[in-house]
Amino acid sequence: MLRLAVPNKGILTEAAQTILKEAGYRVRKDSKELVVIDPDNSCELFFLRPRDIAVYVGEGTLDAGITGLDMLFDSGAPAEEIMPLGFGVSTFHFAARPGAFSSVKDLAGMRIATSYAGLLGKYLAEMGVEARVMKLDGAVETAIRLGVADAVADVVETGTTLRNVGLEVFGEPIAHSQAALIKQVGAEETVGVTQLVRRLQGVLVARDYVMIDYDIRAERIDEAISITPGMEGPTVSPLHREGWVAVRAMVPRKGHQQIMDQLYDIGAKAVLATAIFACRI
Ligand SMILES: Nc1ncnc2c1ncn2[C@@H]1O[C@H](COP(=O)(O)OP(=O)(O)OP(=O)(O)O)[C@@H](O)[C@H]1O
Ligand SMILES: O=P(O)(O)OC[C@H]1O[C@H](OP(=O)(O)OP(=O)(O)O)[C@H](O)[C@@H]1O
Ligand SMILES: [Mg+2]
């Protein structure tokens, strides 16, 4: 039985549900469900706060979990990344009033508000900067206006929240983060986790690639293959028309229109792009 932790609140919740659903797992029907049993996949999903997920996984009570890498690092729990999931992408930055500071070194003796005290503490120690870390639960950007802190260290994605309170990032990024599948450090991957990883990789590839089909004159096949090399090599089949072949290959979704133009330019006919629903690579 696979025991998997999934965020029950916050920005990762919906994307985590979607990727698991696309990977064929049962997900919860309403936000009040805290445990979902999926007998078809021999799996139990536990809906937990993203911040707590690394702690549970690190204790070995659950086989794997989905959480942000910044939260994993912040927790200090003995858990590690199995694979990145491509959503919840953000950067962890210092911010303050414009012109107040220009690098982490300027923060010596200052008060820094954050909800990531573990991550920030480790970074300050690495940089050899002694500052006062003010641990808050959220909405840390307001701490400067309210006179509780001189700077903040927080998650930044679009920068809109900072702009709205008149703050600016400064210094180097402290960390880069995204959602990831995690497991206990050193734990052997169970059959359930291996299957989950394979399915999630399949979903990520299906999202990033499209299938291209086209017909081309046999004498132009080498040019065509250089445009659509496929994964292992394209499938080339005879066409019921003298001197022509049919080609099928996966190509990256990004840029597939340019590839279709290039194929058309070398004389390909009936060039089709179709979405991939699921795959195993
Ligand atoms: N605006 C955002 N864009 C991208 N990723 C984000 C954003 N806000 C948070 N994250 C990431 O999502 C993960 C979970 O953060 P989230 O904000 O959902 O949890 P939380 O702050 O504990 O909960 P809440 O905000 O509901 O109190 C973290 O890894 C964080 O880096
Ligand atoms: O750069 P942006 O696109 O504005 O996104 C970053 C904001 O998103 C998160 O806030 P959240 O809504 O999770 O609230 P929180 O600070 O209370 O966690 C994060 O803490 C930032 O405040
Ligand atoms: Mg948040």
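## Helices on the six-stranded sheet

Helix α2 lies across β1, β3 (43-48), β4, β5 and β11, and its direction runs at about 145 degrees to that of β4. This description is of a predicted model. The strands that α2 crosses belong to an open sheet of 6 strands, ordered β2-β3-β1-β4-β11-β5, in which the pairing is mixed. The edge positions are taken by β2 (35-38) and β5 (79-84); each has a single partner strand, so one side of each has no neighbour in the sheet. From one strand to the next, the twist averages 30 degrees.

At the β5 edge, the partner is strand β11 (residues 179-184), and the two pair in the antiparallel sense over 5 bridges. Within this pairing, Ala79 stands opposite Gln184 in β11. Helix α1 (residues 12-22) also packs on the sheet, where it touches β1 (2-7), β4 (64-68) and β11. The direction of α1 makes about 145 degrees with that of β1.

## Domains and annotated regions

The domain assignment divides the chain into domain 1 (2-88 + 178-189), domain 2 (90-174) and domain 3 (209-275). Domain 1 is thus listed as two segments, 2-88 and 178-189. Taken over C-alpha atoms, the centres of domain 2 and domain 3 are separated by 51 Å.

UniProt, in an unreviewed entry, lists residues 49-202 as "domain: ATP phosphoribosyltransferase catalytic". Over residues 49-202 the chain is 32% helix and 31% strand, with the end C-alpha atoms 26 Å apart. A further UniProt annotation, also from an unreviewed entry, is "domain: Histidine biosynthesis HisG C-terminal", and it covers residues 206-276. That span is 28% helix and 41% strand, and its end C-alpha atoms lie 5 Å apart.

## The four-stranded sheet

An open sheet of 4 strands has the order β13-β14-β12-β15, and its pairing is antiparallel. Here the edges are β13 (235-238) and β15 (269-275); each has a single partner strand, so one side of each is left without a neighbour in the sheet. Neighbouring strands of this sheet are turned by 15 degrees against each other on average, direction ignored.

The partner of β13 is strand β14 (residues 244-252), and the two pair in the antiparallel sense over 4 bridges. Pro238 stands opposite Val245 in β14. Helix α9 (residues 256-265) lies across β12 (209-217), β14 and β15, and runs at about 165 degrees to β15.

## Surroundings of ligand 1

There are 16 residues around ligand 1, of which Gly10, Ile11, Gly68, Ser90 and Glu157 come nearest. The elements that give two or more residues to this shell are α2 (50-59) and α3 (69-75). Helix α2 is therefore part of the ligand 1 shell as well as a helix lying across the sheet strands β1, β3, β4, β5 and β11.

By class, the shell around ligand 1 has 6 nonpolar, 6 polar and 4 charged residues. Domain 1 (2-88 + 178-189) and domain 2 (90-174) each supply at least three residues to the shell.

## Surroundings of ligand 2

The residues around ligand 2 are Ile11, Gly138, Ala139, Glu141, Asp154, Val155, Val156, Glu157, Thr158, Gly159, Thr160 and Thr161. The elements that give two or more residues to this shell are β9 (151-156) and α6 (160-164). Of these, β9 gives the most, with 3 residues. The shell around ligand 2 divides into 4 nonpolar, 5 polar and 3 charged residues.

Ile11 and Glu157 appear in the surroundings of both ligands: they are among the residues that come nearest to ligand 1, and they are also listed around ligand 2.

Methods
Residues are numbered from 1 along each chain as its sequence is written. Chains are lettered from A and ligands numbered from 1 in the order in which they are written. This is a predicted model: local features need pLDDT of at least 70, side-chain atom pairs count only at pLDDT 80 or more; totals for chains, interfaces and linings use all residues. A residue is near a molecule or strand if its C-beta atom, placed from the backbone, lies within 6 Å of it. Ala, Val, Leu, Ile, Met, Phe, Trp, Tyr, Cys and Pro count as nonpolar, Asp, Glu, Lys and Arg as charged, and the others, Gly among them, as polar. Domain bounds come from an automatic or database domain assignment. Two strands pair if DSSP finds at least two bridges between them. Axes are lines fitted to C-alpha atoms, for helices over the stretch in contact, and angles run from 0 to 180 degrees between N-to-C directions. Two residues are in contact if their C-beta atoms, placed from the backbone, lie within 7 Å. UniProt positions are given in the numbering used here, feature names are shortened, and annotations may be inferred rather than shown by experiment.
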